[in-house]
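Welcome, and please open your viewer with the cartoon display switched on. We will go from one selection to the next, with a short note on what to look for at each stop.

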Amino acid sequence: MNTIGTSTGRPSRNLKVKMSVAVLMGAGLLSSASAWAQAAAENTTPAENTAPAENTAPVETPTVVVTGVKASLIKSLAIKRTSDQVVESVIAEDIGKLPDNNVVEALQRVTGIQVTDRAGGEVGTISIRGLPDVQTTWNGRNIFTASGAQVALQDIPSTLVRQIDVYKTRDASQLETGIAGQIDVKSLRPFDFKGPKVSLSGRGTYLDPAEKTNPQLSGMLSNRWQTGFGEVGALVNLSETRTKYRNESVAPGAMVPFVSANPAEIPAGYTPLQRITDTSIWTPGTRTGLPTAAGSTLDFNGKAYPYYLSRDAIFQADLQGERKRSSANIALQWKPNSSSVYTFESMYNGYRNKTFNQLLFSFVDWWGDLGNDPAGSFTTFPGTNIIKSRTVGNVYGFNSGDYTTSATDSRVYALNGKWDLGDRLRLEGDVSYQSSTFHTEFTATRMDRVAPSISVDFNDGSDNTSFHFNNDADLIDPTKWNVAQFFDNANRNKGSAATANLTGVYDADWGR
């Protein structure tokens with residue numbers, strides 16, 4: 001076991017051990033390591049200090065360079081510690097080494113961030129502390145797409161990102177929108193590196209439902225030079241991602257009330273297990289819902305009658321899609337002197353998506369053909385009035401083939417300048433222009449039929465909904481289906497914006 005002390009004749013080994021222990025324990029102990037090293041030097045005995053010169057060998061002080069994951073953690077903690085706001089940061093440990101494929105997936109590691117609506121091999125929605133109104137910025141600038149007011153963070157690949165800051169509280173220097181908070185994505189710039197940098201990266205993600213391996217390729221080239229008119233830098237960063245995905249699901253419809261199957265417990269004008277559609281009897285959409293205890297009743301013209309709750313339909317979907325994202329980031333920087341820096345940068349995001357959805361729908365609420373024993377056509381969950389399984393005759397359903405394409409192209413051009421005017425005043429100016437176009441098309445062909453019967457179990461023991469028709473082979477028999485409807489629509493949006501701002505920070509030297 002290594003001990004930390006003042007062993008005679010081996011000061012260099014002592015210092016190395018102390019520094020290594022400090023690095024392993026974290027950034028908060030680095031200052032302690034320096035103090036220990038100083039104490040070791042002060043406690044060296046006089047004999048050590050007065051040793052003959054000819055016996056004293058040069059002592060090499062080791063240098064500890066913190067890089068990689070540990071450096072990223074130290075930087076994140078430093079940002080959190082020095083910020084006036086509640087902020088969390090995700091920092092790439094190296095070029096293209098953000099630990100996920102896109103910004104949203106990286107943010108799911110941050111405390112207070114919730115990601116939901118996972119489908120198609122990626123996360124769909126992000127919220128901060130449970131609130132969905134999140135402001136998204138790129139290098140501090142508000143950006144949008146023609147398909148929505150906010151840019152989709154899924155469209156920004158991780159290989160283009162240097163740092164992501166999540167602001168959970170707001171201040172006057174930030175945009176006023178975004179009640180939940182702000183997410184600022186910082187891209188790479190040439191002055192982030194000390195010299196030339198070249199990076200090529202390739203990843204593959206295997207999605208099991210689609211049984212496909214999806215590539216993500218990126219490349220970056222950056223350099224900086226000293227010239228007669230100051231220091232200049234240039235960076236080009238490109239990324240291409242392709243994803244083939246598949247979503248399969250079976251879901252029940254809405255839960256609605258039905259009258260009893262017992263003729264003695266049926267209101268006037270109703271038949272056994274008829275659906276209750278009269279909104280004067282019950283109001284859909286209420287927060288509390290209807291009681292689910294066995295024997296619960298509803299009021300029909302001043303008289304209480306028992307009812308059952310059941311799902312009214314089933315949906316089965318098999319959606320297959322292909323998604324392509326192309327991204328590019330170009331940055332030019334000029335530093336004419338130590339008090340000013342100018343940055344021009346441009347970003348392009350391209351998105352292409354194609355999906356084909358095979359949808360099967362069937363009602364399971366028809367009360368007109370329940371046979372001679374309606375009470376024997378269903379079962380309930382024990383102790384409740386909720387129907388677990390049922391068989392219904394002559395049910396309407398349809399098959400639909402839905403094909404959707406969409407395309408988005410967004411571009412941002414920006415020029416930024418920073419100036420230090422003396423020791424107290426710092427100014428920053430920024431002008432930007434952005435444009436975006438979005439186009440989508442949808443077509444669907446629907447076939448329908450009335451099936452002789454369907455049997456459905458809303459919980460088959462594995463928390464799934466299962467169902468079977470009287471003859472499942474009829475599902476692929478074209479003679480059993482009718483051509484019903486054809487749907488098509490298209491939509492095109494475009495937008496642009498030009499912004500300019502000038503901000504300043506002045507150190508008034510108050511309170512000193």
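Before the first selection, one definition: two strands pair if DSSP finds at least two bridges between them. By that rule, strands S9 and S10 pair, because 12 bridges join them, running antiparallel. Keep in mind throughout that this is a predicted model.

**Stop 1: the whole protein**

Show everything first. The protein has 512 residues, and 38% of them count as buried. Colour by secondary structure and you should find five helices and 20 strands. Now switch on the surface: its accessible area is about 28400 Å², with 54% belonging to carbon and sulfur atoms. Among contacts with a separation of 6 or more, 70% are between residues 24 or more positions apart.

**Stop 2: from S8 to S14**

Select strand S8 (197–207) and strand S9 (212–227), then the loop between them, where Glu211 is found. Is Glu211 buried or exposed? Its relative accessibility is 58%, so Glu211 counts as exposed. Add Tyr245 to the selection: Glu211 and Tyr245 are 34 residues apart in sequence, yet their C-alpha atoms are 8.3 Å apart in space.

Next, follow S9 into S10, the pair we began with. A hairpin of two residues makes the connection between S9 and S10. Pick Arg224 and look across to Gly233, its bridge partner in S10.

Which strand does S10 join through 22 bridges? The partner is S14, and S10 and S14 run antiparallel. To see one of these pairings, select Lys244 together with Glu322, its bridge partner in S14.

**Stop 3: a nonpolar patch on the surface**

Select Val236, Leu238, Ile330, Leu332, Phe344, Tyr413, Leu415, Val431 and Tyr433 and show their side chains. Together these residues form a nonpolar patch on the surface, with about 760 Å² of accessible area. Which strands each supply at least two residues of this patch? They are strand S10 (230–252), strand S14 (313–337), strand S17 (387–421) and strand S18 (425–457).

Now centre on Phe344, which lies in strand S15 (residues 340–363). Phe344 has 31% relative accessibility, so it counts as partly exposed.

**Stop 4: the five-stranded sheet**

Hide the patch and select S1, S6, S7, S4 and S5. In that order, these five strands form an open sheet with mixed pairing. At its edges are strand S1 (87–91) and strand S5 (141–142), each of which pairs on one side only.

Within this sheet, zoom in on strand S6 (residues 161–167) and strand S7 (residues 181–187), which pair in the antiparallel sense over six bridges. Select Tyr167 and you will find Gln182 of S7 standing opposite.

**Stop 5: the three-stranded sheet**

For the last stop, select S11, S13 and S12. These three strands form an open sheet in the order S11-S13-S12, and the pairing is antiparallel. Why is one side of S11 and of S12 left without a neighbour in the sheet? Strand S11 (255–259) and strand S12 (297–300) stand at the edges with a single partner strand each, so one side of each has no neighbour there. Turn the view to see the twist, which averages 50° from one strand to the next.

Finish with S12 and strand S13 (residues 303–311), which pair in the antiparallel sense over four bridges. Select Leu298, and opposite you will find Tyr305 in S13.

Terms used
Residues are numbered from 1 along each chain as its sequence is written. This is a predicted model: local features need pLDDT of at least 70, side-chain atom pairs count only at pLDDT 80 or more; totals for chains, interfaces and linings use all residues. Side-chain values use heavy atoms; hydrogens and water are left out. Axes are lines fitted to C-alpha atoms, for helices over the stretch in contact, and angles run from 0 to 180 degrees between N-to-C directions. Patches are made of residues with over 30% relative accessible area and no salt bridge: like charges are joined within 9 Å, nonpolar side chains (Val, Leu, Ile, Met, Phe, Trp, Tyr) within 5 Å. Accessible areas come from the Shrake-Rupley method with a 1.4 Å probe; for residues, only the protein chains shown count as cover. A salt bridge is a side-chain nitrogen of Lys or Arg within 4 Å of a carboxyl oxygen of Asp or Glu. Buried means under 20% relative accessible area, exposed over 50%, partly exposed in between (1.4 Å probe, protein chains only). Contact means heavy atoms within 4.5 Å.
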